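Biologist: I would like a close look at a single part of this model, set in the context of the whole chain.

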Amino acid sequence: MKTVLVTGASGFIGKNLCALLERDKDIHILKFTRSNSYDDLETYVSQADFIVHLAGVNRPEKDSEFDVHNLGLTEKILEYIEKTSSNTSLLFSSSTQAELDNAYGLINR
């Protein structure tokens, strides 16, 4: 059995990806959402064979949220992969906002 961690599991893409993965009985899904903590994330990363990183903010109230929720979360995932000596693979997804001249686009260049 393979274990897949999906960050942003309660978002549109995350929900649909989880629904698709749930059809395969050989896949165990770990769902990371806004209600989870960094402690949960560390545990999930240590258990995951594969991470699909979909979580992030692309239309925040304050530009500073980009750093915390996008860059910060991605850095935590990488930190936990290194810390747990995990052999997991990571798929990172972004947004069409990355190509725009806004705070999201600037932080992703």
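Biologist: How much area does the protein chain expose, and what percentage of it do carbon and sulfur atoms supply? After that, please take me through helix α1, and say which of its residues are buried and which are exposed.

Modeller: This is a predicted model, and in it the protein chain exposes about 7,000 Å², with carbon and sulfur atoms supplying 50% of that area. The protein chain has 109 residues, of which 38% count as buried. It is built from four helices and four strands, which follow one another along the sequence in the pattern β-α-β-α-β-α-β-α. Among contacts between residues at least 6 apart in sequence, 65% join residues at least 24 apart.

Turning to the part you asked about, helix α1 covers residues 12-21, and Gly 14, Cys 18 and Leu 21 are buried in it. Viewed down the axis of α1, the buried residues fall within an arc of 65 degrees, and therefore they line one face of the helix. The general geometry helps here: an α-helix has 3.6 residues a turn, so residues three or four places apart point the same way. As for what lies against them, the buried residues of α1 pack against two strands, β1 (2-7) and β2 (27-32). On the other side of α1, by contrast, Phe 12, Ile 13 and Lys 15 are exposed.

Notes. Residues numbered from 1 in each chain as written. Predicted model: local features only at pLDDT ≥ 70, side-chain atom pairs only at ≥ 80, totals over all residues. Heavy atoms only, no water. Buried < 20%, exposed > 50% of the residue type's maximum accessible area, 1.4 Å probe, protein only. Arc of directions from axis to C-beta. Contact = heavy atoms within 4.5 Å. Areas by Shrake-Rupley, 256 points an atom, 1.4 Å probe, with all protein chains shown as cover.
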